[in-house]
Amino acid sequence: MTAPTSDFLRVLTERGFIHQCSNLEALDAKARTGELVGYIGFDATATSLHVGSLVQIMMLRWLQKTGGKPIALMGGGTTRIGDPSFKDEARSLLTDEQIATNLAGIRRVFTNYLAFGDGSTDAMMANNADWLNELKYIDFLRDVGRHFSVNRMLSFESVKLRLDREQSLSFLEFNYMILQAYDFVELYKRHGCVLQMGGSDQWGNIVNGIDLGRRMADVELFALTSPLITTASGAKMGKTAAGAIWLNADRLSPYDYWQFWRNTEDGDVGRFLKLFTELPLDEIARLAALQGSEINEAKKVLAFEATALLHGRAAAEEAAETARKTFEEGTLADTLPSVAIDRAALADGLGALSAFVTAGLVASTSEARRQIKGGGLKVNDNTVTDERALLTSADLTADGTIKLSLGRKKHVLLRPL
């Protein structure tokens, strides 16, 4: 087809958000009416979403900025089952109390990206527990289950992956795709929602919802998926040695979030500026064209803009200033991330390996040993060479802290209490 003419699909196309669409021309026409309602579902498996969900969050943001109405669907019901899509093993079942705690944490993220309210383009947050928890099973099987072919469900890649690897796929998980399809139809009936967006691994589940909408409500619904985001070196976006890049400040500080984006590979800068910031495309093209050491300036812009969207401009400015003092002036910024330790532990001698684990710079003492062999760990800018080294009160700097470093760009202060 020709290039989209609606602001929504034009922006998503220009910025690289679109992988597949069920009917791009019809969706483009719907978006032009200014009445497009779309949703993305987020299951509550942790107290925060991580950066792997950020593409979808930005799609909801662009939907609102271009005149549509975004719905963030919380999976309070489906989280009780677990999505089998491309998972090797069944998801651990969570209690209702755990799910409620996780939902409360996740909700905080969306207020940074979406404007909620009662207006026609104001975002809304829904919870599929509102309808899934009230389902009468026999009625559901009769009214909804009859529209699903087991043969077709077995053909989906997400299911075949588990079966080909001889991994158990429970009947509970097998029902997930039916419930997700039902969510789509329920959101159409309740809120006029005709678009479901998601990552490329959700294509089969979303298409199920389109088919169910046609069968149950005689309506055309739409699917729009984004590509799987990997780095230029082929790694999965957001996975680091230190763990997931969380979006809640209580799980990852704004400074560490800023540093994550500052460490972007050279080949990803232009693409990530398009996806994760709102800078104009001509400015992005200028930044992406920088060569040699100048590309670092583009990375700082990416880090600042991405951090400002999530944590606010003040937090982004503080993170940038902390990094400038630490890396350009060589001074110790008091806004570096810090971890409290028991002062008595220093009197007895605190194992360096355990200190780096406590600081969150490495996941385990075995990983710390590997980093020591490669010269990757430092205490007060001195390379650690002995895995049996102990930290004591003698290691405290003038400001009463001990600086731990992983490589050149990850630093944490130990603060004795």
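**Entry 1: helix α1**

I began with Asp7 and Arg10, which both lie in helix α1 (residues 7-15), three residues apart, about one turn of the helix. The model I am reading is a predicted one. I looked up the pair and found that Asp7 forms a salt bridge with Arg10, with the closest N and O atoms 3.3 Å apart.

I then went to Glu14. Glu14 also forms a salt bridge with Arg10, and here the closest N and O atoms are 3.4 Å apart. Glu14 and Arg10 are both in helix α1, four residues apart, again about one turn of the helix.

Are these side chains buried or exposed? Asp7 is partly exposed, at a relative accessible area of 43%. Arg10 is partly exposed as well, with 32%. Glu14 counts as partly exposed, at 37% relative accessibility.

**Entry 2: a pair across the chain**

Next I looked up Glu278 and Arg61. Their side chains meet in a salt bridge, at 2.3 Å from N to O. The pair links distant parts of the chain, as Glu278 is in the loop between α13 (269-276) and α14 (281-288), while Arg61 is in helix α3 (residues 54-65), 217 residues apart. I noted that Glu278 is partly exposed, with a relative accessible area of 25%. Arg61 has a relative accessible area of 15%, and since buried means under 20%, I entered Arg61 as buried.

Back to the earlier residues for one note: salt bridges that share partners join Asp7, Arg10 and Glu14 into one network. I also looked up the total, and the structure holds 17 salt bridges. As a general reminder to myself, side chains of opposite charge can pair when their charged atoms come close.

**Entry 3: α10 and α11**

How do helix α10 and helix α11 cross? I found that the axes of α10 (residues 176-191) and α11 (residues 203-217) come within 8 Å and cross at roughly 55°. The two helices are therefore oblique to each other. I recorded the crossing of α10 and α11 as right-handed.

I listed the residues that meet. On the α10 side they include Tyr176, Met177, Tyr182, Phe184, Val185 and Tyr188. On the α11 side they include Ile206, Gly209, Ile210, Leu212, Gly213 and Met216. By class, the contact of α10 with α11 has twelve nonpolar, five polar and one charged residues. Lys189 in α10 is among the residues of this contact.

**Entry 4: Trp246**

Where is Trp246 placed? I found Trp246 in the loop between β8 (243-244) and α12 (254-262). Trp246 is buried, with a relative accessible area of 17%.

I then looked up what Trp246 touches. Leaving aside neighbours within four places in sequence, Trp246 is in contact with Ala46, Ser48, Leu49, His50, Arg251, Leu252 and Tyr257. I also checked Gly52: Trp246 and Gly52 are 194 residues apart in sequence and 8.9 Å apart in space, C-alpha to C-alpha.

**Entry 5: the chain as a whole**

I finished with the totals. I counted 19 helices and 15 strands in the secondary structure of the chain. Of the 417 residues in the chain, 47% are buried; I had already met Trp246 and Arg61 as buried residues. For contacts in the chain with a separation of 6 or more, 73% are accounted for by residues 24 or more positions apart.

Note on methods: Residues numbered from 1 in each chain as written. Predicted model: local features only at pLDDT ≥ 70, side-chain atom pairs only at ≥ 80, totals over all residues. Heavy atoms only, no water. Axes fitted to C-alpha atoms, helices over the stretch in contact; angles between N-to-C directions. Parallel < 35°, antiparallel > 145°, perpendicular 65-115°, else oblique. Left-handed = near helix turned anticlockwise from the far one by under 90°. Contact = heavy atoms within 4.5 Å. Nonpolar A, V, L, I, M, F, W, Y, C, P; charged D, E, K, R; others polar. Salt bridge = Lys/Arg side-chain N within 4 Å of Asp/Glu carboxyl O. Buried < 20%, exposed > 50% of the residue type's maximum accessible area, 1.4 Å probe, protein only.
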